[in-house]
Amino acid sequence: MRKDEGEQGVSGGKSRRLELYFDGLCEPVNPGGVATYGFVVKEGGKVLCSGKGLVGVGARGDDVTNNVAEYTALIKALECLLEKGLEGAEVVVKGDSQLAIRQLRGEYKVRSPRIAPLYKRAKELLSKFKAELQWVPRELNEEADALSREAFREYLEANKEEFERYYLKSSR
């Protein structure tokens, strides 16, 4: 966005209102499983950016949990918005993690040392937007959930032996 466009940006006179959906998972065990994330950001129903990826793998020594994956999803989504030059936009942040939403609203304290730096980074990024945080049930977070699950399936396809050796050894 050019400086002379000011708050109007490309949305024709009013500030942009975006919906950001984020989700993470850690399977087949939490903590210590395979952690992945997914996010989708929309404006007026149109996808502006989306992403998915691997956060870490407990079998490789990564200190991962579902909450680490949730925070990573939110951070990646907010970084995507900044890369697109959308700083200052109105963003309704929607996630199905009650813990993450309540921590970010200040309703719960962050007690976990593994979450503290992620919380700090998320708060720093959120401060660059006019953000509203909303908890939503999983059914209303389907796209982000599907992306995190897709990232998990991609890990499984590429690392089947590692997954079976570490996570399925007790079932043999």
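A disulfide is a pair of cysteine sulfur atoms within 2.5 Å. The structure treated in these exercises is a predicted model.

**Exercise 1. Cysteines**

Task: State how many disulfides a search of the whole structure finds, and decide whether Cys26 and Cys49 are buried or exposed.

Solution: The search, carried out over the whole structure, finds 0 disulfides. For the second part, the cut-off to apply is that buried means under 20% relative accessible area. Cys26 has a relative accessible area of 8%, and is therefore buried. Cys49 has a relative accessibility of 5%, so Cys49 counts as buried.

**Exercise 2. The surroundings of Gly51**

Task: Place Gly51 in its strand, and find which residues Gly51 is in contact with, leaving aside its neighbours within four places in sequence.

Solution: Gly51 belongs to strand 3, which covers residues 46-57. Its relative accessibility is 14%, so Gly51 counts as buried. Once the neighbours within four places in sequence are left aside, the contacts of Gly51 are Tyr37, Gly38, Phe39 and Leu147. Taking Gly38 from this list, we find that Gly51 and Gly38 are 13 residues apart in sequence, while their C-alpha atoms are 5.6 Å apart in space.

**Exercise 3. Two helices that meet**

Task: Describe how the axes of helix 4 and helix 5 cross, and name the residues through which these helices meet.

Solution: Helix 4 spans residues 142-158 and helix 5 spans residues 160-167; their axes come within 5 Å and cross at roughly 95°. Because angles of 65 to 115 degrees count as roughly perpendicular, helix 4 is roughly perpendicular to helix 5. On the side of helix 4 the contact involves Phe152, Tyr155, Leu156, Glu157 and Ala158, and these meet Lys160, Glu162 and Phe163 in helix 5. Sorted by kind, the residues of this contact comprise 5 nonpolar, no polar and 3 charged.

**Exercise 4. Aromatic rings**

Task: Say how many aromatic pairs the structure holds, and work out what kind of pair Phe152 and Phe163 form.

Solution: The structure holds 5 aromatic pairs. The ring centres of Phe152 and Phe163 are 6.1 Å apart and the planes stand at 85°, so this pair is edge-to-face. Since Phe152 lies in helix 4 and Phe163 in helix 5, the pair ties together parts that are 11 residues apart in sequence. Phe152 is buried, with a relative accessible area of 10%, and Phe163, at 10% relative accessibility, counts as buried. The rings of Tyr166 and Tyr167 have centres 4.7 Å apart and planes at 80°, so that pair is edge-to-face. Tyr166 is partly exposed, at 37%, whereas Tyr167 counts as buried, at 11%. As a last step, one aromatic cluster is formed by Phe152, Tyr155, Phe163, Tyr166 and Tyr167.

Notes. Residues are numbered from 1 along each chain as its sequence is written. This is a predicted model: local features need pLDDT of at least 70, side-chain atom pairs count only at pLDDT 80 or more; totals for chains, interfaces and linings use all residues. Side-chain values use heavy atoms; hydrogens and water are left out. Axes are lines fitted to C-alpha atoms, for helices over the stretch in contact, and angles run from 0 to 180 degrees between N-to-C directions. Helices (H or I, at least four residues) and strands (E, at least two) are DSSP runs, numbered from the N terminus. Angles under 35 degrees count as roughly parallel, over 145 as roughly antiparallel, 65 to 115 as roughly perpendicular and the rest as oblique. Contact means heavy atoms within 4.5 Å. Ala, Val, Leu, Ile, Met, Phe, Trp, Tyr, Cys and Pro count as nonpolar, Asp, Glu, Lys and Arg as charged, and the others, Gly among them, as polar. Buried means under 20% relative accessible area, exposed over 50%, partly exposed in between (1.4 Å probe, protein chains only). Rings of Phe, Tyr and Trp (its six-membered ring) pair if their centres lie within 6.5 Å; planes under 30 degrees apart count as stacked, over 60 as edge-to-face and the rest as tilted.
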